[in-house]
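This briefing covers a surface patch, salt bridges and a pocket. Please read it alongside the sequence and the model.

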Amino acid sequence: KAETGYNLELGAEYEHSNWTIKGNAFLQKLQGEISYDFHQNLNVNLADTKRLGAEFDLSYETEAWQASLHYTRLDASFSDGPYRGRQIFLVPETELSAVVSVRPHEDFTVQAEYQYAGSSFGGNDFDNLEKKLPSYGIVNLLLRYEPRPDLTLYARVNNLLDEHYATIKYSGVFYPAAGRTFHLGVRYEF
C-alpha cells in the first residue's frame, strides 16, 4: 500500500554581514511507511511512525573562504503497533557536517568536509535489542579549477582517512561502506 502522512515544519533564517544562521524544527507522521523486510525479501508497510527533529545551520562566507556547520537531531520512532515507542532502525539520532572552503585564486577552490553520523539500530531490529551500528566520521577533500565560467575541472577524495564503517546491517551482518575513493571529473556547460 502507498504510505500516507503529513509533515509540519517551522524555521527561521537570519543573515548579517557575512553570517547566515538557519534553524528548523519538524514533525513528520507516516501511516504505513514502506520499508524493506530482509527476512521476507520484499517491501512491506510498517506500523505508523513519527520523526521529530531539529536542524541547525551556521555559515560564514567571504570572497576568499567560507565555512559552514550543519547539525541534525532526530527522534524517529514507531507511534503505533507492537513496537510503539521503539526507534526506527537504520536512522541515526544525530548527524553533523562541517565544510571549509578556501579560494587562494578566483579560479581555484580547496574544500575539506567532515561528515559524522551517530549510531543506529540495524535493519529489522524492531525490538531495538541488537548491537547498534557504530557512529562514524569521515573526511573528504575537493580541489576545483574553473578556468572559464562554462568549464570546471575537479579532483575529489572521499573518505580520505580510509575509515572502516557501515551504514547498513541486517541480521547481524554489516555491509561495509566504500573505503577511500578517488574521483576526477570535467564539467562543460553548453
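Tyrosine 175 is partly exposed in this predicted model, because its relative accessible area of 36% lies between the 20% limit for buried and the 50% limit for exposed. Tyrosine 175 belongs to strand S12, which spans residues 173–176. The topics below start with the patch that includes this residue.

**Nonpolar surface patch**

- Tyr175 contributes to a nonpolar surface patch of about 410 Å².
- Tyr36, Phe38, Ile168 and Val173 are also part of this patch.

**Salt bridges**

- The model has 8 salt bridges by the rule applied here, and three of them are described below.
- Glutamate 113 pairs with arginine 156, and their closest N and O atoms are 2.7 Å apart.
- This pair joins distant parts of the chain, since glutamate 113 sits in strand S8 and arginine 156 in strand S10 (residues 151–158), 43 residues apart.
- Glutamate 113 has a relative accessible area of 11% and therefore counts as buried, the limit being under 20%.
- Arginine 86 forms a salt bridge with aspartate 127, with 3.8 Å between the closest N and O atoms.
- This pair also links distant parts of the chain: arginine 86 lies in the loop between S6 and S7, aspartate 127 lies in the loop between S8 and S9, and the two are 41 residues apart.
- Arginine 86 is partly exposed at 30% relative accessible area, and aspartate 127 is partly exposed at 36%.
- Glutamate 189 and arginine 187 form a salt bridge in which the closest N and O atoms are 3.2 Å apart.
- Glutamate 189 is partly exposed, with 42% relative accessibility, and arginine 187 is partly exposed, with a relative accessible area of 47%.

**Largest pocket**

- The volume of the largest pocket is about 180 Å³.
- Four strands each supply at least two residues of its lining: S6 (65–78), S7 (94–105), S8 (108–117) and S9 (136–148).
- The lining includes Glu61, Thr62, Glu63 and Ala64, followed by Trp65 and Gln66.
- Ser101, Arg103, Thr109, Gln111, Arg144 and Glu146 also line this pocket.
- By residue class, the lining has 2 nonpolar, 5 polar and 5 charged residues.
- Strand S8 supplies at least two residues to this lining and also holds glutamate 113, the partner of arginine 156.

Conventions
Residues are numbered from 1 along each chain as its sequence is written. This is a predicted model: local features need pLDDT of at least 70, side-chain atom pairs count only at pLDDT 80 or more; totals for chains, interfaces and linings use all residues. Side-chain values use heavy atoms; hydrogens and water are left out. On a 1 Å grid over the protein atoms alone, a cavity is a set of points where a 1.4 Å probe fits but cannot get out, and a pocket is an open set with protein on both sides within 12 Å along at least five of seven lines; lining residues have an atom within 4 Å of a point. Grid points are joined across faces, edges and corners, and a volume is the space filled by probe spheres set on the points. Ala, Val, Leu, Ile, Met, Phe, Trp, Tyr, Cys and Pro count as nonpolar, Asp, Glu, Lys and Arg as charged, and the others, Gly among them, as polar. A salt bridge is a side-chain nitrogen of Lys or Arg within 4 Å of a carboxyl oxygen of Asp or Glu. Buried means under 20% relative accessible area, exposed over 50%, partly exposed in between (1.4 Å probe, protein chains only). Patches are made of residues with over 30% relative accessible area and no salt bridge: like charges are joined within 9 Å, nonpolar side chains (Val, Leu, Ile, Met, Phe, Trp, Tyr) within 5 Å. Accessible areas come from the Shrake-Rupley method with a 1.4 Å probe; for residues, only the protein chains shown count as cover.
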